Each structure stands twice: as structure tokens, then as C-alpha cells.
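This briefing sets out selected features of one protein structure for computational work. Please consult the sequence and coordinates displayed here alongside the points that follow.

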Amino acid sequence: MMNRTERFAAFAVEGRPLVLRWAQLLLPIALLTIGFMSLATPARNPGNSYAFGCDPFGYLRGAQLFQEKGLAGGFDTAIDRADTRYLVEIAKSLGRPVATWATGVAPHCHHYDAGSDQVILQYPPGTSLLLALFPYGTGGQHSFTIAIGLATMAMLYACFLYHPRAVTTVLLGGALLATIEMLRIPMNFASFSIPWSVAFIPGCALAALRLLEVTGARQLVVGMLLGLMCGVLVLIRLPNIFVVAGLGLFLLLEGRLWTWRAWTRNGFALVAGSAMFLASGLGVLAMSQWVNTGSPFQLSYAAEDVNRMVLSWAGISDNIDFYFRRGDDAVFVDGTLAFLGFALARAIPRSGRALRNAVAASLFVMVVTTAFFLIYSVTAPYYLVPASVLAVFLVSFAWCRLSAPRFTVPAPLVASILFGFACLIGVRMKASDATPFPMKVPQEVLAPDAVVWSDIMSGSLLFYNDKFAAKLPFVHRCVRTELVKAIFDAGRPQYFVIDSELMRGNVSELAASTEPVGVYDVHEPFPILRLTGVKPPPDYCPR
């Protein structure tokens with residue numbers, strides 16, 4: 001067995017000139033480091049940690065709960081306040097179906113759940129738990145830096161592991177660049193589940209490849225690590241179950257797991273990894289659902305978000321046009337499919353079974369994910385990003401193994417380089433802990449008996465000002481009139497934050513008279529009106 005000095009010497013002289021071998025090692029380091037340094041800069045925008053609207057507020061609110069209530073208490077997302085309970089009880093007293101007002105008596109990303117009789121957060125806990133690892137309110141800024149950094153580190157490790165030719169190394173750099181560019185769209189939306197998915201998917205792809213290459217204790221460790229990361233992926237974002245299924249298909253094809261021989265060689269690691277996935281992913285998800293909905297099998301999502309399937313050809317064709325032509329990430333989805341076609345053409349005439357299996361698994365994930373979102377009525381440009389990232393990384397890593405010249409980069413050198421890159425990521429994770437906007441609101445709006453209606457800023461009022469606000473536009477049109485009138489008749493003051501055209505239209509519909517009381521001073525001043533008179537119900541509403 002060679003000692004450390006002999007391993008370094010073998011690396012330097014085996015098969016190729018010393019200068020060429022070091023050049024091939026330094027090329028991916030230089031390429032990926034420069035790419036990371038230049039492309040991670042936009043992630044440090046303090047606006048990425050601004051809690052407003054749906055996704056940014058929802059995930060940061062979950063992180064706030066973990067930081068304030070601890071690991072165990074943070075899973076309970078119920079808003080247990082007197083003003084919340086008052087609004088729910090008034091809505092119940094109307095005798096209208098819960099579905100007509102459940103999402104409207106809560107801030108964004110929250111809804112009233114009849115099973116638990118609570119207003120709860122609808123998202124799974126994974127993203128919020130990861131955001132809570134960072135100083136209060138800064139996790140959003142770090143999400144994108146970590147995603148780009150971990151994806152880059154996975155590429156570096158693959159280069160050290162398989163040492164592809166220079167041309168393939170440039171291809172890997174291009175794949176990483178495409179992935180980073182795909183993150184720019186969710187960065188604009190501050191949808192934190194996407195960068196955290198991207199942070200884990202490259203590691204999962206590399207672990208899936210390595211699981212069938214190693215044996216013994218190393219295989220067990222890799223299997224359990226893969227199971228843990230897949231579990232976290234599902235906790236981050238439920239549609240990531242498609243990504244996990246694609247990785248499972250790759251293992252099935254690559255390991256020929258339909259044979260007894262394959263199970264005798266890999267079975268223990270696969271079972272251990274599956275157990276880890278069930279415990280860290282589905283088990284934690286079931287526990288979170290039980291805490292919030294009263295049942296481990298009841299999703300915490302609002303009914304209207306679960307039942308949004310489109311079965312008409314007009315709706316499906318419009319979604320096709322969005323994801324493959326109009327959407328901001330359409331070029332990257334199309335590029336991923338073209339990349340898979342190119343990889344398939346490369347793999348068919350060769351003996352690279354892993355590349356063929358990687359392409360098959362990636363196509364499976366792309367087809368299933370795309371089919372699901374084509375029949376889902378809500379569209380977002382980043383919905384197909386996780387599937388595209390898996391395809392790019394799994395195929396790229398498998399491509400590295402295609403008859404590449406093999407030599408072993410000494411483990412201490414690999415560890416030193418990766419540690420140095422991890423330090424570089426830490427240096428780039430400079431965030432401002434200050435709220436990016438004033439977040440000032442008139443004092444009378446914060447009174448305990450005040451009922452506040454808002455739209456996109458409903459979560460901001462709770463997050464920054466500790467004032468519960470409900471999103472009035474989400475209440476059914478006729479129930480909205482009854483609800484506002486019932487509160488007015490009870491003598492409780494009501495305030496409208498005019499933060500969207502929907503809110504402006506609602507006030508015009510409902511209010512016979514209002515008086516201005518100031519503005520909610522955030523990224524722009526939103527007028528606040530106090531209700532002083534209500535209109536009678538419109539003729540089209542039942543009496």
C-alpha cells in the first residue's frame with residue numbers, strides 16, 4: 001500500500017506529463033471558482049429576505065417559528081391569537097361553507113383548517129427549517145449562494161472523481177452555468193424552495209452514481225446519505241417526489257435490481273437508504289401534518305390548491321405554451337430536453353450503460369413532472385427547474401465516466417480543495433440583517449381589536465409588525481360582503497391596506513364611506529383606509 005508521498009508522486013507522473021496532469025486538475029477548479037464568484041453576487045440582494053406575498057412570507061414565517069419556538073415547537077404553525085380566533089368565529093357564524101372563506105381569513109400561504117380548527121401554514125417544513133439555520137431574517141439571502149456553491153462543489157468532486165477530458169470539463173461548466181441561470185427566475189420571486197432543491201439535487205445525483213460503485217461500509221454510508229438527502233428534498237418541496245422517483249429508476253436500471261445477484265451485493269445499503277428516506281422525509285412530513293391538521297395523512301395545503309387540476313385541452317395547451325415558449329425559464333427547459341437528446345445520441349452507440357440509464361431516468365422525471373404541471377391550473381416559471389437540474393447533473397456526471405482517462409487524485413488534495421471552496425462560499429455569504437424597508441404602520445391599525453384586511457402585504461404585517469391581517473380578495477364575493485358587514489355591525493374597527501388592484505376593487509364594492517388614516521410604508525407607501533360605512537349586499541347575492 002502506497003503512503004501519502006507515493007500517492008502524490010503517482011498522481012504527478014502516471015501516464016501523462018506533469019504539466020498536463022496539473023493543468024487538467026486546475027482547469028475545473030479555476031473554471032468553477034470564477035463562475036461561482038461572478039454569478040453568486042446577485043444572491044446577496046437583501047430583498048431576497050423580504051417577507052411579503054406568498055412564497056417569501058410563507059417560508060420566512062416558518063423559519064421565524066423554528067427560531068422562536070425551537071425545533072419541536074416550530075412544526076406547529078397555527079396562528080393562535082385573539083384577533084385570529086375572532087375573525088374565524090365571525091366567519092363561522094355566517095353559516096356559509098368553509099370553502100368560501102377558509103383562505104380569506106388568513107394571511108398569504110395560510111388558511112383555516114376545519115380538521116384542527118386552526119389557521120395554519122400550508123407549506124411542508126423543510127425549507128423553513130433550513131432557513132432557520134441562519135441569523136434571523138437573512139436566510140433568504142443565503143439560500144441562493146448555498147445552492148450555487150453546493151452545485152459547484154458537486155461538479156468539482158465529480159471532476160476529481162472521474163477526471164474527464166478538458167472538453168467534458170468545459171461541458172460540465174456550461175451545465176453548471178445553465179443551472180445557475182435557471183435560479184435567476186426564482187431569485188426574482190424569492191421562492192426559497194427552489195434554490196434549496198437545487199442545493200441537494202447534485203449531491204443526490206452523485207450519490208446515486210457512487211452507490212453502485214463502492215462496496216462495504218462506504219456503500220452503506222453513501223446509501224444512507226442518499227436516503228437522507230432525498231428525504232430532505234421531499235420536505236423542501238412535495239413535487240420533488242418526482243426527482244426521488246427518477247433517482248430510484250436510475251438505481252433500478254443501473255444496478256439491475258430485478259436480479260437476486262444485484263440485491264445480494266447492494267441490498268443492505270439500499271434498504272438502509274430507504275429507511276433513512278422514510279424516517280427523514282415521509283416520517284417528518286407525516287408528523288408535521290398531524291401537528292397542523294390533526295391527521296398524518298391530511299395535507300396541510302388548502303383545498304383550493306390541491307384541487308386545481310385542468311382537464312380541458314384549452315387549459316393544457318396554454319400551459320404547454322407557457323412552459324415551453326412564454327415562461328421565463330422556457331429556454332432552459334427546452335435546452336434541457338435538447339441536452340438529453342444530445343446525450344442519448346452520444347450514449348446509444350457506445351458501451352456507456354450509465355449514461356443511457358441516466359438519460360432514461362432524466363427523461364422519466366421530465367415527462368412525469370411536466371405532465372403533472374400541464375394539468376395544474378397555477379403556472380410558475382420555476383416549477384420545472386428541479387427536474388431540469390436533475391437531468392443536467394445526473395447526465396453530466398454519467399458523461400464523465402465515459403471512457404475517460406482514469407487516475408486517482410489524492411484524497412488529502414481533494415479534501416483540501418473542497419474545504420477551501422467551502423470557505424469561499426462562507427466568504428460570499430455576506431448578508432444584511434437589517435429589514436430592507438421601513439415597515440411602518442399607523443399605531444391605530446395595530447390596536448388589538450382592529451381587523452385589518454390586505455392582500456400582498458398581509459403576511460408582512462404579521463412578520464414585521466406583529467399584527468394579524470387577512471387577505472380579503474380570497475373570500476367568496478358574496479360572503480365577503482356578509483363578513484365585512486357582520487364585523488362592522490359588531491362595532492370593531494376595520495382597515496383596508498390598498499396594496500393591490502384587487503383590494504382597491506374590494507373596497508369599492510364594499511365600502512359606502514372610508515377615511516384615510518395613513519400609509520403602510522414598505523417598498524412603496526400603500527394607503528390605509530378605515531371603514532366608516534358599508535354598502536348593502538349586491539342584488540346577485542342570496543339574502
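Does Glu 254 count as buried or exposed, and at what relative accessibility? In this predicted model, Glu 254 counts as buried because its relative accessibility is 12%, below the 20% limit for that class. The points below begin with the surroundings of this residue and continue with salt bridges, cysteines and surface features.

**Surroundings of Glu 254**

- Glu 254 is part of helix α11, which covers residues 241–255.
- A polar contact of 2.8 Å joins the side chain of Glu 254 to the side chain of Asn 357.
- When neighbours within four places in sequence are left aside, Glu 254 is in contact with Leu 212, Arg 353, Ala 354, Asn 357 and Arg 401.

**Salt-bridge network around Asp 83**

- A search of the whole structure yields 13 salt bridges.
- A network of salt bridges links Arg 81, Asp 83, Asp 466 and Lys 467.
- Within this network, the side chains of Arg 81 and Asp 83 form a salt bridge with an N to O distance of 3.0 Å.
- Asp 83 also forms a salt bridge with Lys 467 through their side chains, at 3.7 Å from N to O.
- Asp 83 belongs to helix α4 (residues 82–93), whereas Lys 467 lies in the loop between α19 (458–465) and β4 (469–471), so this pair ties together parts that are 384 residues apart in sequence.
- The accessibility of these residues varies: Arg 81 is partly exposed, with a relative accessible area of 24%, Asp 83 counts as buried at 12%, and Lys 467 is buried at 1%.

**Salt bridge within helix α4**

- The side chains of Arg 85 and Glu 89 meet in a salt bridge, with 3.1 Å between N and O.
- Both Arg 85 and Glu 89 lie in helix α4, and their spacing of 4 residues corresponds to about one turn of the helix.
- Arg 85 counts as partly exposed at 34% relative accessibility, and Glu 89 is likewise partly exposed, with a relative accessible area of 37%.

**Cysteines**

- The number of disulfides in the structure is 0.
- Cys 204 is in no disulfide, since its nearest cysteine sulfur, that of Cys 230, is 4.2 Å away and a disulfide requires sulfur atoms within 2.5 Å.
- Cys 204 is buried, with a relative accessible area of 1%.
- Cys 54 is partly exposed, with a relative accessible area of 29%.

**Nonpolar surface patch**

- Ile 241, Leu 278 and Leu 282 make up a nonpolar patch on the surface, and together they have about 240 Å² of accessible area.
- Leu 278 is located in helix α12, which comprises residues 260–293.
- Leu 278 counts as partly exposed, at 49% relative accessibility.

**Segment after β7**

- Asp 539 is found in the segment that follows β7 (525–534).
- Asp 539 is classed as exposed because its relative accessible area is 73%, over the 50% limit.
- The C-alpha atoms of Asp 539 and Cys 478 are separated by 9.9 Å, and the two residues are 61 residues apart along the chain.

Key: Residues numbered from 1 in each chain as written. Predicted model: local features only at pLDDT ≥ 70, side-chain atom pairs only at ≥ 80, totals over all residues. Heavy atoms only, no water. Patch = residues over 30% accessible without salt bridge, like charges linked within 9 Å, V, L, I, M, F, W, Y side chains within 5 Å. Areas by Shrake-Rupley, 256 points an atom, 1.4 Å probe, with all protein chains shown as cover. Salt bridge = Lys/Arg side-chain N within 4 Å of Asp/Glu carboxyl O. Helix = DSSP H or I, 4+ residues; strand = E, 2+ residues; numbered from the N terminus. Buried < 20%, exposed > 50% of the residue type's maximum accessible area, 1.4 Å probe, protein only. Polar contact = N/O pair within 3.5 Å; in protein donor to acceptor, adjacent residues only side chain to side chain. Contact = heavy atoms within 4.5 Å.
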